[in-house]
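User: I should like to learn how to read a helical model, beginning with what it means for a residue to be buried. Could you guide me through one example?

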Amino acid sequence: MSLATHLQHHHERLNRLVDLLTRERRLLGEGRIDGAALAGIAERKHSELAALEQFEGRRRAVQRRLGYNDDRDGDEQAAREQGCLTQWRRIRARASQAARLNHFNGALIALRLENNQRLLNEWRALAGKTLYGPDGQARGGNARLSSRA
């Protein structure tokens with residue numbers, strides 16, 4: 001497989017990953033979370049990432065075998081000499097976009113987890129309080145009714 005063909009397949013995989021990350025972001029932004037949909041996306045993301053890792057491993061192995069350095073400069077040189085530098089740069093840009101989306105989605109998840117934890121803590125605190133004290137009077141401080149109304 002030529003480098004250009006390999007890069008085309010790599011770019012298609014990145015496109016699918018970006019689409020999944022975009023759908024994940026939309027789901028995370030909704031008021032009610034669809035856990036089943038998010039789980040499905042997570043499974044497909046895992047599959048796409050594994051495939052991308054395999055693509056990258058093969059590309060790097062071929063690049064080394066052809067005598068190019070296994071670094072950013074070697075990547076650029078190989079792509080330039082094989083006539084697919086533009087395609088390589090599109091892959092780099094798409095991979096950066098995927099990384100940004102993934103970071104943003106992670107921040108959304110962290111924010112939701114933080115809010116859920118805060119709510120759980122409040123519910124636990126409320127559940128631990130009794131409504132009436134040993135003297136039969138209602139507890140809760142400000143929940144008293146005024147008889148002066």
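Analyst: Burial is judged from relative accessible area: a residue under 20% counts as buried, one over 50% as exposed, and one in between as partly exposed. Please note that the model shown here is predicted. In helix 2, the buried residues are L38, I41, K45, E48, A51, L52, F55, R59 and Q63.

User: What covers the buried residues of helix 2?

Analyst: The general idea is that contact means heavy atoms within 4.5 Å. Here the cover includes helix 1 (3-29), helix 3 (72-81) and helix 4 (85-128).

User: How does the spacing of residues along a helix help in reading such a list?

Analyst: An α-helix has 3.6 residues a turn, so residues three or four places apart point the same way. With that in mind, one may look again at the buried residues of helix 2, among them L38, I41, K45 and E48.

User: What is the secondary structure of the chain as a whole, and in what order do the elements run?

Analyst: The chain has 4 helices and 0 strands. Read from the N terminus, the order is α-α-α-α. Of its 149 residues, 26% count as buried. Among contacts between residues at least 6 apart in sequence, 60% join residues at least 24 apart.

User: What span should helix 2 have, and how far apart are its end C-alpha atoms?

Analyst: The reasoning uses a rise of 1.5 Å a residue, from which the 31 residues of helix 2 (residues 35-65) should span 45 Å. The end C-alpha atoms of helix 2 are 45 Å apart, in agreement with that expectation. Just after helix 2, G67 takes a positive phi of about 95°.

User: How is the packing of two helices described?

Analyst: Two packed helices are described by the angle between their axes and the distance between the axes. For helix 1 and helix 2, the axes come within 10 Å and cross at roughly 160°. Helix 1 is therefore roughly antiparallel to helix 2, since an angle over 145 degrees counts as such. This crossing of helix 1 and helix 2 is left-handed. The residues of their contact comprise 15 nonpolar, 3 polar and 10 charged.

User: At what angle do helix 1 and helix 4 pack, and how far apart are their axes?

Analyst: Helix 1 and helix 4 pack at about 20°, and their axes are 9 Å apart. That angle makes helix 1 roughly parallel to helix 4, because angles under 35 degrees are classed in that way. The crossing of helix 1 and helix 4 is left-handed. Their contact divides into 15 nonpolar, 10 polar and 5 charged residues.

User: Which residues of helix 2 and helix 3 meet, and at what angle do the axes cross?

Analyst: The axes of helix 2 and helix 3 come within 11 Å and cross at roughly 80°. The two helices are therefore roughly perpendicular to each other. In helix 2, R59, R60 and Q63 meet G74, D75 and A78 of helix 3. By class, that contact has 1 nonpolar, 2 polar and 3 charged residues.

User: How should one read a single residue? Is H6 buried or exposed?

Analyst: One may consider the element, then the accessibility, then the contacts. H6 is placed in helix 1 and, at 8% relative accessibility, counts as buried. Leaving aside neighbours within four places in sequence, H6 is in contact with M1, F55, R58 and R59. Two of those partners, F55 and R59, are themselves listed as buried in helix 2.

User: Are K45 and H46 buried or exposed?

Analyst: Both K45 and H46 lie in helix 2. K45 is buried, with a relative accessible area of 13%, whereas H46 is exposed, at 59%. Not counting residues up to four places away in sequence, K45 touches L17, L20, L21, E24 and N102. H46 and L17 are 29 residues apart in sequence, and their C-alpha atoms are 9.4 Å apart in space.

User: Where does Q97 lie, and what is its relative accessible area?

Analyst: Q97 lies in helix 4 and is partly exposed, with a relative accessible area of 27%. Q97 and L21 are 76 residues apart along the chain, and their C-alpha atoms are separated by 9.9 Å.

Note on methods
Residues are numbered from 1 along each chain as its sequence is written. This is a predicted model: local features need pLDDT of at least 70, side-chain atom pairs count only at pLDDT 80 or more; totals for chains, interfaces and linings use all residues. Side-chain values use heavy atoms; hydrogens and water are left out. The expected span of a helix is 1.5 Å times one less than its number of residues. Buried means under 20% relative accessible area, exposed over 50%, partly exposed in between (1.4 Å probe, protein chains only). Axes are lines fitted to C-alpha atoms, for helices over the stretch in contact, and angles run from 0 to 180 degrees between N-to-C directions. Angles under 35 degrees count as roughly parallel, over 145 as roughly antiparallel, 65 to 115 as roughly perpendicular and the rest as oblique. Ala, Val, Leu, Ile, Met, Phe, Trp, Tyr, Cys and Pro count as nonpolar, Asp, Glu, Lys and Arg as charged, and the others, Gly among them, as polar. A crossing is left-handed if the near helix is turned anticlockwise from the far one by less than a right angle, and right-handed if clockwise.
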